[in-house]
Amino acid sequence: MAAQKDFWDAIVLGAGIQGCFTAYHLAKHRKQVLLLEQFFLPHSRGSSHGQSRIIRKAYADDFYTQMMDECYRIWAQLEQESGTQLYRKTGLLLVGPKENPELKTIQATLSRQRIEHQCLSSEELKQHFPNIRLPQGEVGLLEKSGGVLYADRALRTLQDAVRQLGGTVRDGEKVMEIKPGLPVVVKTSCGSYQAKSLIITAGPWTNCLLRPLGIELPLQTLRINVCYWREKSPGSYGVVPAFPCFLGLGQAPHHIYGLPEGEYPGLVKVCYHHGNHTDPDERDCPTARPDIQDVQILCRFVKDHLPGLKPEPAIMERCMYTNTPDEHFILDRHPKYDNIVIGAGFSALGHGFKLAPVVGKILYELSMKLTPSYDLTPFRISRFHGLGKAHL
């Protein structure tokens with residue numbers, strides 16, 4: 001039986017990047033916070049593992065670009081507090097057909113928000129990045145502040161920071177039951193805990209926790225192929241020769257994205273932002289076959305755009321995404337129990353990790369009944385038909 005504490009200000013379920021930042025903000029404001037994780041840390045079962053993620057301000061929606069300003073500041077603050085490098089500036093290159101509507105919308109957003117960027121023709125791009133090739137009719141849009149976040153390092157740094165600020169992190173504790181009320185009671189495989197508020201940031205397991213509380217969110221869990229491609233000439237696609245992170249728009253039904261060589265020597269990460277439906281508890285099941293069509297899309301993209309890479313993946317790993325139908329987050333209180341806060345759907349458009357500093361702040365504010373720092377209209381549960389209080 002785990003050592004008991006009489007009462008917590010808040011319990012956070014799920015020690016992925018969203019849960020960690022929520023606990024960090026709570027602990028920073030001197031709240032007694034308990035961060036619970038069902039698996040032993042570190043693990044690769046959720047969506048926050050791996051060595052790297054892209055950070056960017058390039059979005060079609062103004063509100064994400066605005067949120068990213070504060071995210072960059074909080075990431076820099078965490079770097080300073082911990083003495084650990086968490087971000088490396090590489091620039092983000094968006095490539096796609098000249099008339100692609102999303103590319104045009106993102107460019108307009110960057111202009112409105114006064115974010116430094118540069119439009120590049122095929123010839124101009126060849127001068128900047130000779131190892132990237134644009135097929136006829138495609139253009140580039142370079143967002144200067146984009147770069148790489150060191151994901152595993154960021155998670156460890158945050159978990160350490162929560163502990164140093166007086167918070168408690170307990171792993172290997174699966175939630176068995178949630179009893180709503182004041183206090184809310186959380187029973188795990190190791191003990192029973194009480195708190196004024198509960199924040200659920202459980203990724204693919206969110207609905208498992210919410211169904212007994214009378215609500216099921218329209219979340220889609222996908223298994224993603226994380227592919228690494230070998231350089232023909234070692235080091236040619238690394239950070240040192242100034243190879244950027246990139247995002248391919250309009251070459252396939254979903255985004256294609258990539259990061260410079262670094263996670264594995266001589267290998268570049270290039271992935272397709274979609275995958276197969278999966279049960280999060282069976283993700284590593286031997287019968288879980290990769291989606292060959294997705295890999296074929298990537299092979300064509302690499303062959304057409306990145307001639308310095310071998311056009312077949314050298315390594316394939318797995319990751320899970322949790323998406324909402326409209327590809328926006330869920331940041332809201334439970335429709336019936338206002339001391340239960342829900343954060344979910346962070347994989348849509350691949351922006352959950354980079355936006356976690358502000359998401360964690362918002363979830364902290366909701367749990368403490370504070371006025372949110374941002375307009376939460378795009379993130380309300382009520383936007384999904386049939387999920388309001390009247391249907392509970």
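Let's start with helix H3, whose buried residues (under 20% relative accessible area, with a 1.4 Å probe and protein chains only) are Leu-103, Ile-106, Thr-109 and Leu-110. They sit on the same side of H3, because they cover an arc of only 125° around the axis, taking the directions from the helix axis to the C-beta atoms. An α-helix has 3.6 residues a turn, so residues three or four places apart point the same way.

A quick word on what you're looking at: this is a predicted model, where local features need pLDDT of at least 70 and side-chain atom pairs count only at pLDDT 80 or more, while totals for chains, interfaces and linings use all residues. Residues are numbered from 1 along each chain as its sequence is written, and side-chain values use heavy atoms, leaving out hydrogens and water.

What do the buried residues of H3 pack against? Their partners are helix H2 (62-82) and the strands E5 (92-97), E6 (117-120) and E7 (138-143), with contact meaning heavy atoms within 4.5 Å. Now look at the ends of H3. Asn-100 caps the N-terminal end, with a side-chain oxygen 3.1 Å from the backbone nitrogen of Glu-102. After H3 comes Arg-114, which has a positive phi, near 60°.

From E5, step across to strand E14 (residues 245-248): the two pair in the parallel sense over 4 bridges, where pairing takes at least two bridges found by DSSP. Here Leu-93 stands opposite Phe-246. In E14, Cys-245 and Leu-247 point one way, Phe-246 and Gly-248 the other, and all are buried. E14 also pairs with strand E15 (residues 256-259), this time in the antiparallel sense over 3 bridges, and Leu-247 stands opposite Tyr-257.

Conventions: Buried < 20%, exposed > 50% of the residue type's maximum accessible area, 1.4 Å probe, protein only. Polar contact = N/O pair within 3.5 Å; in protein donor to acceptor, adjacent residues only side chain to side chain.
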